[in-house]
Every structure is written in structure tokens, then in C-alpha cells.
There are 2 protein chains.
Amino acid sequence: MPKGAQTRRAIVDDAVQVASKVGLNGLTIGQLATHTGMSKSGLFAHFQSKEALQVGVLERTREWFVADVMAPALAAPRGEPRLQVLYERWRNWVDHAFDGGCVLVAAASELDDTPGMVRDSLVRMEFDLHESIATVAAGAVREGHFRADLDVEQLAFELRGIMLAHHHAARLLRDAGAGERADQAFAALLSRARSA
Amino acid sequence: MPKGAQTRRAIVDDAVQVASKVGLNGLTIGQLATHTGMSKSGLFAHFQSKEALQVGVLERTREWFVADVMAPALAAPRGEPRLQVLYERWRNWVDHAFDGGCVLVAAASELDDTPGMVRDSLVRMEFDLHESIATVAAGAVREGHFRADLDVEQLAFELRGIMLAHHHAARLLRDAGAGERADQAFAALLSRARSA
DNA sequence: CTGATTAAAGCACGATCGTACGAGGATCGC
DNA sequence: GCGATCCTCGTACGATCGTGCTTTAATCAG
């Protein structure tokens, strides 16, 4: 790997963790430079704008999510087991991957009224994730694990709600029982998916 | 009402709407002054710090929420009808009260790693809301609308998830069907609360 | 109406923001 | 090992940030 790309990657990795604490908008070239021990201009040269840095953070987070959550899920047996792995990995990832809150959750609120390529990048990711969940659920229907008339889009919507509620309870309210609440909600979601 | 309080109220009202677009951290004394047609220092004099302004925004949002959501709910008959009204008003409020996204949802992600009185203020509000929902649900249990062994805290958790998922789908993904998804999820939640 | 209080503006401050440019040193292909 | 390319830095810019102070104008109590 050429030197430049190597440094850029290291910067973005740091930026992901900083952004998890202060948000994508809270990211600052100066603070990030101090944090990484580089000069402000040296760091800036790797991105030609702050927007590009933010997009880099989102892209990196996506790579990470795919490696830690999606890949293990796809390695699991099709159907309900795959959805189970997806859920477990997802929840675990949200809990442990970041110094602060999940970058994607924070970005979703920060960017909902900020048109531009950063928002576009996030929307694409979130949309893909939604589709992936629906697809996995559809696989479970095909395998006969879930009932045939299951609305897989609805399931994806409600699963997203469980993850968001978990994030909210665990990170803002510091509720130690948030994980168990989420597990219980997910179990109920599965149960409803099996039979009407 | 004395003049000062009147102006302060007008500023905060404006600030709520601005914050709904740019977030609590995105709020800026200068931009807000321009937006309200005041001088920066004249505006600043009403709060002695930016933190106080942010707390003011949260407090005002709470007043608004209580008036538009909680009060009508408490006016409805105890039990399931009251929870139904609470849900409907809440969803409607999230959809129509703000120029941008819900201030509280955005603040939850922005402040989860920012200790201080702004965060404390938000946590208190969110905690109270959670308690209120649980209390309303407990009333429905007492009325015999919901099953006796219902975990009302779990219901409050899952209802929060539905609202967050709705906000996510409607505001970030611009999904026109988000409202219906939320309604469907809430209906399922009620159904599960009635009988195991 | 008048005297005391208060609201708002003007201006200034140090700090930090994102971004630009040019020079020096390191890295790499050959 | 040399020449071209690519990093990284120092420095600088205009703008804007949050927050003081001082002065004028409006409000309010008696």
C-alpha cells in the first residue's frame, strides 16, 4: 500500500472514532489534526474538502459494518438463523465498535435536512441495509421458517426500530438493561414472523 | 408579560425551528440573530451562555410536547384509549411540529457523549416520557384492557423504537409510507399487549 | 411624570473555522 | 542512485465563533 493511502486510512480510522463522540458535523480539521499528531494542512491535503472527509468516514464505517455484521450473517445458514446472526452481530457492533455512539445513528439525525453528497452517501447505505434485512427475511420465508404472508419490509422497519431504541436507551439514558430489552423485542419480532 | 420575557420567548421559538434543521450543536448565536433580525449581542444578553440557549430550546420543546401530546392523552379515557391518543398525537407532533426533524431525536444523538446541563435536561425529559408511557400502559392493565402480566417498561421501550424508526424512515429516507408502517407496528404492539 | 431599571445595539477580543499556496523532504519507478 | 512524484509542513487568508464591555433607548414603578 502506498504511503499516502496508508496515512489517509489511519486518519479516517481516527476520524470515525472522533465522529462517534462529536458527530459528523462536530468533526473539525484542526481537532482531528491535533488528535492524529499531524499538521492541519498536511491532513487536509488528503481530502480536498471537509465534505470529502465526512464521506470518507461514512464509507469506512460501512466497510466496517459489512465486515463485522453482514459477512458473518451471510456465512450463516439461510433463513431464520441468518437473521439471528445478523441481529446479534449488529447489536454487538453498535455496542462495541465505537468510542461514542454509532456514527450512522448520529449522522441520520444530523443530515436529515442537509442536502449534499454526505447525506446521499448515508441514505444509500441505510437504504441498502434495509434491503438486505428484507432480503434475509424473505429467505426465511422461502425456507419455511417464517409464514408465507410475512411483510418483510415491515419486519425490516421494526427491526430498525429495535436497534434505534436500543441505542437510545443504552447511550443516552445509560440504561444497563437496554440490551436485554432489545433481545426481548427481537424475540417477539421473530415469534410474530413465524406465525400470525 | 414583561418585554424581556416576551422577546426571549420569541427567540427561543425561532431557535427551536432552526435547531430542528441544524441540530442543537449547529445552533449559532450569529445565525439566530440574523434569523430573528436582532443584533448578536442583543440576543446573547437574554441568555448568558450558549448552553443556556440550548437548554431553553429543550425546555420549550418540552412545553410544546406536553401541550400537544400529553395533555390530550390525559384528557382521553384511561386505559388503551389513552395510549392510542398518546400514540396518534405523538406521531402527528413529530411529523408536523418542526420545520426539520424532531429536536429531541436529533439532540439524543448529539448529546449522548457530551456531559453538561444540556444533556442532563434532555435525559430528564426522555426519562419522564418513558415513565409516562409505562404509567399509561399500567393503567390499561388495571382497566383490564391489557393482560395482567404485561411488562409495561418493555412496551415503552418498543413504542420508543417505533417512533424512532418512523422518524428515521420519514425524515432521512423520505419514505412516504413510514407513517403507515408505524401505525401497523403500533397495532401489532397493542395486539400483543392484549393477549400473550 | 420622573427616576430607576432593563432591553438592545455597537464594537472589540482572541480563538478557531475551512481552505489555499508554496517550499522542503521523503518515497518510489526505473 | 537518480529524477519525478508525492507527502507533509509552515504560513496565511477571511469568516465566524462565543463572549465581554459600554452606551443609548425603551420600559416600568411610584
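Visitor: How many salt bridges are there between chain B and chain A?
Guide: The count is eight, taking a salt bridge as a side-chain nitrogen of Lys or Arg within 4 Å of a carboxyl oxygen of Asp or Glu. One of them pairs the side chains of B:Asp112 and A:Arg171, at 3.6 Å from N to O.

Visitor: Ok, and what's the model?
Guide: This is a predicted model, where local features need pLDDT of at least 70, side-chain atom pairs count only at pLDDT 80 or more, and totals for chains, interfaces and linings use all residues. Residues are numbered from 1 along each chain as its sequence is written, chains are lettered from A and ligands numbered from 1 in the order written, and side-chain values use heavy atoms, leaving out hydrogens and water.

Visitor: How much area is buried between chain B and chain A?
Guide: About 3300 Å², with 60% from carbon and sulfur atoms; that is accessible area (1.4 Å probe) lost on putting the two parts together, summed over both.

Visitor: Which three residues supply the most on chain B's side?
Guide: B:Phe157, B:Leu172 and B:Arg181, which supply 21% of the area that chain B buries against chain A.

Visitor: Switching to the DNA, how many residues surround strand C?
Guide: 19 residues (a heavy atom within 4 Å of the strand). Among the closest are A:Lys50 and B:His46. Sugar and phosphate make up 60% of the strand C atoms that come within 4 Å of the protein.

Visitor: What does A:Lys40 reach?
Guide: A polar side-chain atom of A:Lys40 lies 3.1 Å from a base nitrogen of DNA strand C, whereas A:Ile29 has a backbone N or O atom 3.0 Å from a phosphate oxygen of that strand.

Conventions: A polar contact is a pair of N or O atoms within 3.5 Å; within protein, one must be able to donate a hydrogen and the other to accept it, and residues adjacent in sequence count only if both atoms are side-chain atoms.
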